Every structure is written in C-alpha cells, then in structure tokens.
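This report covers the fold of one protein chain and the way its strands are paired. The sequence and model come first.

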Amino acid sequence: MYSCVSHPQVQLALENALEVGPRLVGMDLQIVQQLARVLMDSHGLEQWDLVFDRARRRAGMTRYNDQIISLSRPLMQLYDEKQVRDVVLHEIAHARVGTGHGHDEMWKKEARRLGTPPRASITEGPRAPAPYVGRCPNGHDVERYRLPRGVRSCATCSKIFDHRYLLTWYRVNAVDGTKIQPSSLNARGR
Ligand SMILES: [Zn+2]
Ligand SMILES: [Zn+2]
C-alpha cells in the first residue's frame with residue numbers, strides 16, 4: 001500500500017521500529033485512507049491510486065503519469081480531519097484539472113468547487129520535525145532533512161572541524177518528536 005521509495009536498509013529498519021511509537025494527536029492512517037478513498041471516488045478518481053510517502057515538508061502530491069495521489073504519512077498523522085480533507089481535496093483538484101496548471105486560476109476554481117480553500121500550501125497546522133538532529137557537546141542542535149554522512153563537528157563552536165565538538169546524531173520520530181540514538185547512525189563512516 002505504501003509508496004516504494006528507495007531507502008538504505010538501515011534507515012528503513014529504523015523507520016519501521018519507530019512506527020510503534022506513541023502518537024499524541026491526529027488521525028489514524030486507516031481512517032485517512034478511507035476518507036481519501038471516499039473523496040477520490042466521489043470526485044471521479046476511481047481509477048486513481050492512493051499511497052502514503054515519508055515526506056515531512058509537503059503534505060500531498062499528485063502524480064499525473066501513474067495516476068497516484070500520494071499523502072505524507074507523518075503529516076497525516078499530525079493533522080486533524082479537516083486538515084486531511086483539505087489536503088486530499090487540494091490534490092483531487094490537481095488531478096481533475098490535469099498537469100500543467102499548478103495553482104493557476106483554473107485549479108483555484110476547481111478547489112473552490114470541491115469545497116477547499118484554494119491555497120498553495122497549508123500554512124497553519126502542525127509541522128513534522130526534521131528527521132535528524134545532531135547535538136554538540138555544548139548543547140547546540142543542528143537539524144537535517146537528510147541522513148548525515150561522515151563525522152561532523154559543531155559549526156557554532158568551531159568554524160573548522162574540531163573533534164572536541166563532534167555532533168551526535170539522533171533520529172527524530174516524525175509524529176511525537178522523540179529522539180533515539182541508533183548506534184548505526186553514529187558508527188557510519190564515509
Ligand atoms: Zn498543490
Ligand atoms: Zn556547539
């Protein structure tokens with residue numbers, strides 16, 4: 001059911017391990033899926049598939065070529081029902097007006113017709129934390145959206161590499177923000 005993005009095995013295993021973590025707010029993915037499916041079917045997208053992805057900086061995506069609407073798994077779990085509905089309708093509007101329209105007048109008209117505000121992005125609402133945090137011995141945090149490579153030291157403490165200020169990397173749970181320190185993350189060499 002989930003979209004197949006290529007990830008290193010280690011990261012995949014970590015992701016899966018984090019799936020069992022506690023959830024503070026937001027929607028159950030099964031409910032999200034049912035809601036999205038009903039909306040898609042009732043607006044003429046019976047032939048389209050629905051998948052979830054790992055994006056943390058955008059809530060939804062329309063893939064015209066393979067007729068797929070892709071929703072961010074971490075963000076859907078943070079959103080309430082209204083926000084989920086708006087994201088799904090936003091993408092349905094994209095799917096219906098077709099490729100090449102972006103957020104133009106035609107798309108806006110369709111979004112309004114479907115009953116969702118014709119905004120390019122959802123500005124309010126919870127945001128998912130960056131998936132990696134490096135913490136320096138002096139307490140500075142560095143957020144990273146990609147798995148950091150190699151050994152890094154804190155740029156705040158020293159402009160050049162300094163082993164006294166080595167960053168220790170943590171994987172951040174997208175939903176509740178808890179940090180774990182997998183040894184695999186810090187044992188990584190170049
Ligand atoms: Zn859009
Ligand atoms: Zn520092």
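Among the contacts in the protein with a separation of 6 or more, 53% are between residues 24 or more positions apart. The model is predicted. Of the 190 residues, 25% count as buried.

The protein has six helices and seven strands. Starting at the N terminus, the order of elements is α-α-β-β-β-α-α-α-β-β-β-β-α.

Four of the strands make up an open sheet, in the order 5-4-6-7, with antiparallel pairing. Strand 5 (141-144) and strand 7 (179-180) are at the edges with a single partner strand each, so one side of each has no neighbour in the sheet. The pairings are listed below with one example of bridge partners for each.

| Strand pair | Sense | Bridges | Example partners |
|---|---|---|---|
| Strand 4 (residues 132-135) and strand 5 | antiparallel | four | V133 and E143 |
| Strand 4 and strand 6 | antiparallel | four | G134 and W169 |
| Strand 6 (residues 168-172) and strand 7 | antiparallel | two | V172 and K179 |

Strand 4 therefore has strand 5 on one side and strand 6 on the other, as the order 5-4-6-7 shows, whereas the edge strands 5 and 7 each have a single partner strand.

Strand 4 and strand 5 also form a hairpin, with five residues between the strands. In this hairpin G139 takes a positive phi near 95°.

As background to reading the sheet, side chains in a regular strand alternate between the two faces.

Definitions and conventions:
Residues numbered from 1 in each chain as written. Chains lettered and ligands numbered in written order. Predicted model: local features only at pLDDT ≥ 70, side-chain atom pairs only at ≥ 80, totals over all residues. Buried ≥ 20, exposed ≤ 12 C-beta atoms within 10 Å, placed from the backbone. Contact = placed C-beta atoms within 7 Å. Pairing = 2+ DSSP bridges.
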